[in-house]
Amino acid sequence: MILSCQNITKAFDGKTILKQANFHIEEHEKAALIGINGAGKTTLLNIITGKLNPDEGIVSISKGKTIGCLEQNPILDSENTIYEELMSVKNYLLVMEQDIRRMEQEMKHREGDALKTLMDQYSRLTTRFEMENGYAYKSELTGVLKGLGFDEAEYDKPVCTLSGGQKTRVALGKLLLLSPDIILLDEPTNHLDMNAIRWLEGYLASYKGAVLIVSHDRYFLDRIAMKIIEIDAGTVMTFAGNYSAYAQKKEQYRLSKMNAYLNQQREIKHQQEVIDKLKSFNREKSIRRAESREKMLSKIEVLEKPTEVRTDMRIRLLPGITSGKDVLDIEELSKAFGQEVLFRNLSFSLKRGEHVSIIGDNGTGKTTLLKLINELLPADAGTIRLGTNVHIGYYDQEHHVLHAEKSIYEEIADEYPTLTTTEIRNILAAFLFTGDDVFKLISECSGGERGRISLAKLMLSEANFLILDEPTNHLDIASKEILEDALNNYEGTILYVSHDRYFINRTAHRILELNNQTLTEYLGNYDYYLEKKTGNTDSGLKKNPGASDTPVISSAKADWQAKKAAQAKQRKLENDLKKTETRIAELEEKIADLDEEMCSDEVCRNSAKLGELSAAQEELKAELNRLYEEWDRLSEMA
């Protein structure tokens, strides 16, 4: 075990983020830390690295082990070039190499014991140099640079002139070259294209140390993670396996917890009904039983209702009208910016109801293509034709369609003036904006908040052709799954750009790869695309343990028969209980009538009649007592 977190608790402003969190990481283990935005993932990483102190608990790292962390937005303002910045990690090897060269020169001038001593030092140093991969560190460095998507022409760029995403890639490269015993990665794939992500998957899979990853990239987690550590409402749980295995186990666990909660609620309600009924009998024995049940009920440890799955955001995409069968036709489309040609002579078409994903490396022109279709940029050549009754809804990854100076409320109200205040508030509440949140300025919103506002506008647009540019950026896993379900239920046409391979897998019918200024078509989802690209029938994803492709028909039939039998037995119990209750009511009414009759003057003066009625009443009371016992028994069984 290389890392252990024991009973970690942390609160901010009275709100508990982590409560009694326990987990550990073994040497060489690859684990993932997941949870919704704000769950406390980054907080936990900061506690592990010592940037934050826990309110309670202990973080233990094995003696002599090193730890390295990649933050989401690392601060790098170095004057070094990209190559020099990564080489700084290997400076100690440069020093060793210089010492080795110096010793080699000195050997020419030493003799006797002095030479022997120098040769011993030289032998120890060269052995250490070799163990530190000193003879291959330059090729290792260039391999990391190329793997992370840096062209050789970029190696001499000063780090201080790079974009935030490029700086993150430089920081990641330095961390990988540093090779600590345990690496902590906070959203490492955010600024990588698909090729770089695939390279990183291979690098981490064979990494000799342990890795703990915070990521919303489910496909990445499927390929890397051996263990999933989930933060849910402050509680930490550990699941063996990759993300898909976790999702299956988590749903089973959630259903088990929900069933236990519902069963207990039914039992509490039933016991209360029994207590009320026993008290209504107004007998000493029944009242004692009621009091005994009340005492038992008060001792029950009431279960908390489990968190409902994916109920925090609600998206329903409905086209206002149906488009024609032909939605989009593009012929011989070309676009360049100065001397940089993005693509030439692109041609493709979309039919109504198709869900098509455009993929490709960064800078190939995917977003530009979407902007051309939306008439936000002019084409250099070619034609773009929309079909009959096509109404476009556009989701821009930079959210330029939003107005920074407006509030969230005004953004919706100005675009859809016919909506009432109540309707606007209800729509925004469905996207997690409640109370005074709706008056927050767009300029003050986070990337995730802007994404939710754009999705709200998309839903209101009633468009029949959705054009989406990186729609899952800044969304947590739960929100991504909500969007996936909404798109899969959408009856219109979708064209989107995304780097989210899991998202593509779930939503795409067809893939268009933009590469080397041309489009290549693949009639399937991302796994199909990868299979065709690599010539491998196995996409490489780890299968869920215990999964079977063969349905067990006899078992399913037996389950169905058992379920039907149980339902029939339950119906009989409920019918018997109802009949018993009806008979009890009849007897109680007859006994009350006899009481009234025996109290009349006529019966009081007739001892024979009084005895006859009294005997009849005792007989009814005896039957009533038996029915009380029967009702108690049946109610327990029911």
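1. With a relative accessibility of 2%, Leu 278 counts as buried in this structure, which is a predicted model. The residue belongs to helix α9, and, leaving aside residues up to four places away in sequence, Leu 278 touches Ser 286, Ile 287, Arg 289, Ala 290 and Arg 293. As a point of reference for distances along the chain, the C-alpha atoms of Leu 278 and Leu 419 are separated by 54 Å, with their positions 141 residues apart in sequence.

2. Helix α10 deserves a check of its geometry. The helix comprises 15 residues (284–298), and at 1.5 Å a residue these should span 21 Å; since the C-alpha atoms at the two ends are 21 Å apart, the model agrees with that expectation. Which residues of α10 are buried? They are Ser 286, Ala 290, Arg 293 and Leu 297, and because these cover an arc of only 65° around the axis, they lie on the same side of α10. On the other side of the helix, Glu 284, Lys 295, Met 296 and Ser 298 are exposed. The cover over the buried residues of α10 includes α9 (243–281) and α20 (607–637); in the case of α9, Leu 278 is in contact with residues including Ser 286, Ala 290 and Arg 293.

3. The next point concerns strand β6 and its neighbours. Five of the five residues of β6 (residues 182–186) are buried, so the strand is largely enclosed by the rest of the structure. Ile 182, Leu 184 and Asp 186 point one way from β6, whereas Ile 183 and Leu 185 point the other way, and all are buried. Strand β5 (residues 67–70) runs parallel to β6 and is joined to it by four bridges, with Cys 69 standing opposite Leu 184. Strand β7 (residues 210–214) also pairs with β6 in the parallel sense, here over five bridges, and in this pairing Ala 210 of β7 stands opposite Ile 182.

4. Turning to the nonpolar interior, the largest core holds 98 residues, of which Leu 185, Leu 204, Ile 315, Phe 431, Leu 455 and Leu 466 touch the most other members. Leu 185 has already been met as a buried residue of β6. For Ile 315, the contacts that remain once residues up to four places away in sequence are left out are Phe 431, Leu 455, Met 459, Ile 482, Leu 483 and Ala 486. Apart from the largest core lies another core, of 24 residues, among them Phe 23, Ile 25, Ala 210 and Val 236; Ala 210 is the residue of β7 that stands opposite Ile 182.

5. Towards the N terminus of the chain there is an open sheet of three strands, in the order β2-β1-β4 and with antiparallel pairing. Its edge strands are β2 (15–25) and β4 (56–61), each of which pairs on one side only, and the twist from one strand to the next averages 20°. The pairing of β1 (residues 3–12) with β4 is antiparallel and extends over five bridges, in which Ser 4 has Ser 60 of β4 as its bridge partner. Helix α1 (residues 41–49) packs on this sheet, where it touches β1, β2 and β4, and its direction makes about 120° with that of β1.

6. Two residues may merit a look at their backbone angles. Asn 345 has a phi near 55°, a positive value in a residue other than glycine; Asn 345 is placed in strand β11 (residues 340–351) and, with a relative accessible area of 47%, is partly exposed. Glu 375 has a phi near 60°, likewise a positive value in a residue other than glycine. Glu 375 is found in the loop between α11 (366–373) and β13 (381–386), and its relative accessible area of 71% makes it exposed.

7. A last point concerns Gly 324, in the loop between α10 and β10 (326–337). Is Gly 324 buried or exposed? At 19% relative accessibility Gly 324 counts as buried, given that the cut-off for buried is under 20%. Not counting residues up to four places away in sequence, Gly 324 touches Arg 352 and Thr 388. The C-alpha atoms of Gly 324 and Val 390 are separated by 7.2 Å, although the two residues are 66 residues apart along the chain.

Terms used
Residues numbered from 1 in each chain as written. Predicted model: local features only at pLDDT ≥ 70, side-chain atom pairs only at ≥ 80, totals over all residues. Heavy atoms only, no water. Pairing = 2+ DSSP bridges. Axes fitted to C-alpha atoms, helices over the stretch in contact; angles between N-to-C directions. Contact = heavy atoms within 4.5 Å. Core = buried A, V, L, I, M, F, W, Y, C linked by side-chain atoms within 4.5 Å. Buried < 20%, exposed > 50% of the residue type's maximum accessible area, 1.4 Å probe, protein only. Expected span 1.5 Å × (residues − 1). Arc of directions from axis to C-beta.
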